[in-house]
Amino acid sequence: MPTETLDPMERLLAERACERLIVEFVRRLDLGDPSGVAELFTPDGVWEWPQGDRRVEGRDALRAYFGSRPEDRLSRRMSTNIMVTVESASKATATSYFATYRVDGHTGGMVPPVLPANVGHYEDGFRKVDGTWLLAHRVTFLPFGGETVRLGRPGRS
């Protein structure tokens, strides 16, 4: 529930900025700038997965985590049903759903279709810092998940 009355345009701009962060997160992971995802978080930002007790905290740790992604990984994430709730001029939350298509061992070209590696939703917290909206906290929920498919090497089955 909003705790502060905002001008409708200010609310709309905040919602759009947070939606854009969700989409930019996916774009950077999928199209070649995984360690740059850390810059979308506040300096003390956190990404966690309740299942498995994984938690990455702070930009340096986030940069190292995302930068450790295998270089031969091909992924595409579909984000949808993004619902942002602006709580104040500097705080917002969102829920969004995603499906991740991912394979390792990619050496180029088109890959035959595979099932999503995981399907779930994010619960995000945003803060406006020095005039810029950033992710402060992301929690990943994975009700559907599996191992990443490893493509065969040429000459192997």
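Here is a quick tour of three spots in this structure: threonine 100, histidine 121 and a surface patch around methionine 9. The model is predicted, so local features need pLDDT of at least 70 and side-chain atom pairs count only at pLDDT 80 or more, while totals for chains, interfaces and linings use all residues. Residues are numbered from 1 along each chain as its sequence is written, and side-chain values use heavy atoms, leaving out hydrogens and water.

**Threonine 100**
- You'll find threonine 100 in strand β4, residues 91-104 (strands are DSSP runs of E, at least two residues, numbered from the N terminus).
- Threonine 100 counts as buried because its relative accessibility is 2% (buried means under 20% relative accessible area, with a 1.4 Å probe and protein chains only).
- Skipping residues up to four places away in sequence, threonine 100 touches Arg76, Arg77, Pro116, Ala117 and Asn118 (contact means heavy atoms within 4.5 Å).

**Histidine 121**
- Histidine 121 sits in strand β5, residues 118-129.
- With a relative accessible area of 19%, histidine 121 is buried too.
- Beyond its neighbours within four places in sequence, histidine 121 has contacts that include Thr95, Tyr97, Val139 and Phe141.
- Look for aspartate 33 as well: its C-alpha atom is 22 Å from that of histidine 121, and the two residues are 88 apart along the chain.

**Around methionine 9**
- Methionine 9 belongs to helix α1, residues 8-30 (helices are DSSP runs of H or I, at least four residues).
- Methionine 9 is partly exposed, at 49% relative accessible area (partly exposed lies between buried, under 20%, and exposed, over 50%).

How values were computed:
Patch = residues over 30% accessible without salt bridge, like charges linked within 9 Å, V, L, I, M, F, W, Y side chains within 5 Å. Areas by Shrake-Rupley, 256 points an atom, 1.4 Å probe, with all protein chains shown as cover. Salt bridge = Lys/Arg side-chain N within 4 Å of Asp/Glu carboxyl O.
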